[in-house]
Amino acid sequence: MPHNTATLFPPATFETPAVSQELFREAMSLLGAPVVLVTTDGPAGRQGLTVSAISSVSDAPPTVLVCLNRSNRSHQAFLKNGVIGISVLSPTHHDLARVFASRSVEPDEKFAQGDWVLGETGSALLSDALVTLDCEIDATHSAGTHDVLFCAVKSISTSADAEHGLAWFSRDFHHLPVKRA
């Protein structure tokens, strides 16, 4: 369970910005991002969705952040379960990314696709993902319509076989080559 919460822009005091939502969304569509599935499981049930709002925060201790819209139906499950599985996708997961992005697909239908394993936190991780991060939610900060989840990474798995990663740019999927040392 997150132990530290703060509100950066409380909804009641958030002023309408000078920049329109449409202009902001158009600008953000030109900011490339990874395509990942985030999942949770626990007392609040199993949920998952596709996100591109994820970033590394620190390597000491290993921490990432994930942004979730508070109006998303799975939002509360992530907070109540306190754990999050992150599966970084490759181009072979293009269709799975669309399924997990759909609001009309129920959680059981989503998880019926793909090959899943349980991480040490109990979150589902895609077995053939480019990278998986098994995390506990360490802190939550609210900003505008979203919560920023700061996640302590408990374990990492990488694919030795993947040749490309999947990125979201200009409202479409793109393949990025994996450079091996």
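Is Arg 73 buried, partly exposed or exposed? In this predicted model, Arg 73 counts as partly exposed, at 42% relative accessibility. The chain that holds this residue comprises 4 helices and 13 strands, and 43% of its 181 residues count as buried. The points below cover the overall fold, the salt bridges, the aromatic pairs, a strand hairpin and the nonpolar cores.

**Overall fold**

- The secondary structure of the chain amounts to 13 strands and 4 helices.
- Among contacts with a separation of 6 or more, 63% join residues that stand 24 or more positions apart.
- The exposed area of the chain is about 10300 Å², of which carbon and sulfur atoms supply 55%.

**Salt bridges**

- The count of salt bridges comes to 4, and they include the three described here: Arg 70 with Asp 147, Arg 73 with Glu 106, and Lys 154 with Glu 136.
- Arg 70 and Asp 147 meet through their side chains at 3.1 Å, N to O. Arg 70 lies in the loop between strand 6 and helix 2 (75-81), and Asp 147 lies in strand 11 (residues 146-158), so this salt bridge ties together parts that are 77 residues apart in sequence.
- The two partners fall into separate accessibility classes: Arg 70 is partly exposed at 28% relative accessibility, whereas Asp 147 is buried, with a relative accessible area of 4%. The value for Asp 147 lies under the 20% limit for a buried residue.
- Arg 73 forms a salt bridge with Glu 106, in which the closest N and O atoms are 3.4 Å apart. The pair links distant parts of the chain, with Arg 73 in the loop between strand 6 and helix 2 and Glu 106 in the loop between helix 3 and helix 4, 33 residues apart.
- Arg 73 is partly exposed at 42% relative accessibility, and Glu 106 is also partly exposed, with a relative accessible area of 42%.
- The side chains of Lys 154 and Glu 136 form a salt bridge at 3.9 Å, N to O. Lys 154 belongs to strand 11 and Glu 136 to strand 10 (residues 131-143), 18 residues apart.
- Lys 154 is partly exposed, with a relative accessible area of 39%, and Glu 136 is partly exposed at 37%.

**Aromatic pairs**

- The chain contains 4 aromatic pairs. One of them joins Phe 100 and Phe 111, whose ring centres are 5.3 Å apart and whose planes stand at 85°, so the pair is edge-to-face.
- Phe 100 in helix 3 (residues 94-101) and Phe 111 in helix 4 (residues 107-111) are 11 residues apart, and their pairing links distant parts of the chain. Both of these residues, Phe 100 and Phe 111, are buried.
- Phe 100 also pairs with Trp 116 in a tilted arrangement, at 5.6 Å centre to centre and 45° between the planes. Phe 100 lies in helix 3 and Trp 116 in strand 8 (residues 116-118), so the pair ties together parts that are 16 residues apart in sequence.
- Phe 100 has a relative accessible area of 1% and is buried; Trp 116 is likewise buried, at 17%.
- Phe 100, Phe 111 and Trp 116 are linked by ring pairs into a cluster.

**Strand hairpin**

- Strand 5 (residues 54-59) pairs with strand 6 (residues 62-69) in the antiparallel sense over 5 bridges.
- The two elements, strand 5 and strand 6, form a hairpin with 2 residues between them.
- Ser 56 has Val 64, in strand 6, as its bridge partner.

**Nonpolar cores**

- The largest nonpolar core has 21 residues, of which Val 38, Val 66, Leu 68, Ile 84, Ile 86, Cys 135 and Cys 151 touch the most other members.
- At least two residues of this core come from each of strand 3 (36-40), strand 4 (47-51), strand 6, helix 2, strand 7 (83-88), strand 10 and strand 11.
- Beyond its neighbours within four places in sequence, Val 66 is in contact with Val 38, Val 51, Ala 53, Ile 54, Ile 84, Ile 86, Asp 147, Val 148, Leu 149 and Cys 151. One of these contacts, Asp 147, is the salt-bridge partner of Arg 70.
- Another core, of 15 residues, lies apart from the largest one and includes Val 99, Val 105, Phe 111 and Ala 124. Phe 111 is thus named both in this core and in the aromatic cluster with Phe 100 and Trp 116.

Definitions and conventions
Residues are numbered from 1 along each chain as its sequence is written. This is a predicted model: local features need pLDDT of at least 70, side-chain atom pairs count only at pLDDT 80 or more; totals for chains, interfaces and linings use all residues. Side-chain values use heavy atoms; hydrogens and water are left out. Buried means under 20% relative accessible area, exposed over 50%, partly exposed in between (1.4 Å probe, protein chains only). Contact means heavy atoms within 4.5 Å. Accessible areas come from the Shrake-Rupley method with a 1.4 Å probe; for residues, only the protein chains shown count as cover. Rings of Phe, Tyr and Trp (its six-membered ring) pair if their centres lie within 6.5 Å; planes under 30 degrees apart count as stacked, over 60 as edge-to-face and the rest as tilted. Two strands pair if DSSP finds at least two bridges between them. A nonpolar core is a set of buried Ala, Val, Leu, Ile, Met, Phe, Trp, Tyr and Cys residues joined through side-chain atoms within 4.5 Å.
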